[in-house]
Amino acid sequence: MRIVVSGGTGFVGRALCHAIVGRGDEAVVLTRGPARDVSHACSECGAGGKVVLATWTPEKPGHWMQIVDGADAVVHLAGASIADERWTVERKRVLRSSRIDSTKLLAEAIANAKQKPSVFVSVSGVGHYGMKTGDRIVTEADPPGDEFLAQLTCEWEAAADRARQAGVRVVHPRFGLVLGRGGGVYGKLAPLFKSFVGGPIGDGKQYMPWVHIRDTVRAIEAMIVRKDLEGAYNVTAPEPVTMNELAEALGASLNRPAMMRVPAFAVKMAMGAEAAEAVLTGQRAIPKRLVDAGFAFVFPDLASALADLAVDGRVAVTA
C-alpha cells in the first residue's frame with residue numbers, strides 16, 4: 001500500500017510510519033522540508049517498506065496536491081499543538097489554520113484526484129465534547145461543547161466534507177491523551193516523576209481519556225483497511241481514569257512518589273486561563289464505536305499500559 005501521511009514526523013506520525021514500513025508498505029510523509037527518498041528496511045522484521053518525504057505547503061494549494069493521486073489512503077495528523085502556548089488571538093488563528101485549512105486542501109486534493117484514495121483518515125480530538133462534561137461518560141453520540149476547542153474540532157471534521165462529497169470514506173479518530181515513550185503526555189510527565197517532582201495537576205478529579213500509542217496506531221490501521229469504519233471514533237482506552245489515579249499509577253510504575261501537586265493557579269499563570277481549562281478539565285470519553293466494531297485493545301487498562309512503557313524503571317526514548 002501507498003499511504004500519504006501528514007504530521008508523519010510527529011509523535012503519533014512516527015509510530016504510524018514505523019508500522020507502515022514494518023508491513024512492507026510505503027509511507028509518503030508530507031513535510032515542509034525538501035523531498036527525498038529515505039527508504040529503509042524495518043530493523044525489527046526485515047520488511048522492505050520505505051519512507052518518502054514529499055514537500056507540501058499546508059496553508060496554500062500547489063503541485064503538492066497531486067501527491068494523493070493514486071495513494072491507497074491519506075492520514076492527516078498535522079496540526080499545531082494545543083498546549084504549547086497561550087491562546088492569544090494570533091495563536092487561535094494558528095490552531096484553526098493548521099487544522100482547518102490543511103484539511104480542506106487535502107480533502108480538495110483527494111476529491112480532484114484521478115485515482116482517489118479509498119479512505120481519508122483525518123484526526124480530531126475528544127476536546128470535541130467540551131470542558132463541562134465532569135464525570136459523565138461521553139461517547140461519539142454526545143453533542144459537541146460550546147467552547148473554543150470543541151467548536152474547533154467541529155470545524156476541523158467538517159473541513160473534510162469535500163472528500164466525503166466525492167465518495168471517499170472519511171474517518172475521524174478523536175484522540176485522547178496518547179501515552180508513549182519519547183513523546184506525548186508520558187514523555188512530559190515521566191521525567192518529572194523520575195526527578196521526584198511529579199504529581200497530579202489541579203485538583204486531580206478531572207478525567208484523563210488516555211490511550212497507549214500502540215493501540216492508537218492499531219486503531220488508525222484498522223480505519224485504513226476496514227471499509228465498515230466511517231465517521232468519528234473515540235481513540236481512548238476503555239477505562240479512563242482521573243488525574244489523581246493517573247499520577248498515582250505513573251509514580252508507582254516508575255517507583256516514585258506522586259506528591260508534588262501542581263495547583264490550578266500555577267497552570268493558569270503559565271498557560272493563560274482559557275488554555276489551562278483544557279488541562280484542568282477532562283472528558284470521561286470511552287471508545288464505544290470502536291468496541292462495538294470489535295476492536296480489541298492491547299492495553300485496555302492503565303496498569304498494563306504503564307508497565308509496558310516503564311523499562312527497568314527508566315524512561316525510554318523511542319515509541
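These questions and answers look at how some helices and loop residues are described in this predicted model.

Q: What makes α2 and α3 roughly parallel?
A: Helix α2 (residues 89-112) and helix α3 (residues 148-158) pack at an angle of about 20°, with axes 9 Å apart. Angles under 35 degrees count as roughly parallel, so α2 is roughly parallel to α3.

Q: Which residues make the contact between α2 and α3?
A: From α2 come K92, L95, R96, R99, I100 and T103, and from α3 come F148, L152, E155 and W156. Sorted by class, that contact has five nonpolar, one polar and four charged residues. As for handedness, α2 passes α3 in a right-handed crossing.

Q: Why are α8 and α9 called oblique to each other?
A: Helix α8 (residues 264-271) and helix α9 (residues 273-280) pack at about 130°, and their axes are 7 Å apart. The roughly perpendicular range is 65 to 115 degrees, and roughly antiparallel needs over 145. An angle of about 130° fits neither of those ranges, so the pair goes down as oblique.

Q: Which residues of α8 and α9 meet?
A: On the α8 side they're A264, V267, K268 and M271, and on the α9 side A273, A275, A276, E277, V279 and L280. This contact divides into eight nonpolar, no polar and two charged residues. The crossing of α8 past α9 is right-handed.

Q: What makes α5 and α7 oblique?
A: The axes of helix α5 (residues 184-194) and helix α7 (residues 243-253) cross at roughly 60° and come within 10 Å. Roughly parallel would need an angle under 35 degrees, and roughly perpendicular starts at 65. Roughly 60° belongs to neither class, and α5 and α7 are therefore oblique to each other.

Q: Which residues hold the contact of α5 with α7, and how do they divide by class?
A: Y186, L189, A190 and F193 of α5 are in contact with A247, L250 and G251 of α7. They divide into six nonpolar, one polar and no charged. Gly counts as polar here, so G251 is the polar one. This is a right-handed crossing too, with α5 passing α7.

Q: How do you know that the span of α6 agrees with its number of residues?
A: Helix α6 (residues 213-225) has 13 residues, which should span 18 Å at 1.5 Å a residue. Its end C-alpha atoms are 19 Å apart, so the two values agree.

Q: Why is α6 called mostly covered?
A: Ten of its 13 residues are buried, and buried means under 20% relative accessible area. The buried ones are I213, D215, T216, V217, A219, I220, E221, A222, M223 and I224.

Q: Why is G204 called buried?
A: Its relative accessible area is 0%, and the cut-off for buried is under 20%, so G204 is buried. You'll find G204 in the loop between α5 and β11. Beyond its neighbours within four places in sequence, G204 is in contact with T242, M243, N244 and R261. G204 and P263 are 59 residues apart in sequence, yet 9.6 Å apart in space, C-alpha to C-alpha.

Q: What makes N255 exposed?
A: N255 has a relative accessible area of 60%, and exposed means over 50%, so N255 counts as exposed. N255 is in the loop between α7 and α8. It has a positive phi of about 55° although it isn't a glycine.

Q: Where is F196, and what is its phi?
A: F196 is in the loop between α5 and β11. Its phi is positive, about 65°, although F196 is not a glycine.

Key:
Residues are numbered from 1 along each chain as its sequence is written. This is a predicted model: local features need pLDDT of at least 70, side-chain atom pairs count only at pLDDT 80 or more; totals for chains, interfaces and linings use all residues. Side-chain values use heavy atoms; hydrogens and water are left out. Axes are lines fitted to C-alpha atoms, for helices over the stretch in contact, and angles run from 0 to 180 degrees between N-to-C directions. Helices (H or I, at least four residues) and strands (E, at least two) are DSSP runs, numbered from the N terminus. A crossing is left-handed if the near helix is turned anticlockwise from the far one by less than a right angle, and right-handed if clockwise. Contact means heavy atoms within 4.5 Å. The expected span of a helix is 1.5 Å times one less than its number of residues. Buried means under 20% relative accessible area, exposed over 50%, partly exposed in between (1.4 Å probe, protein chains only).
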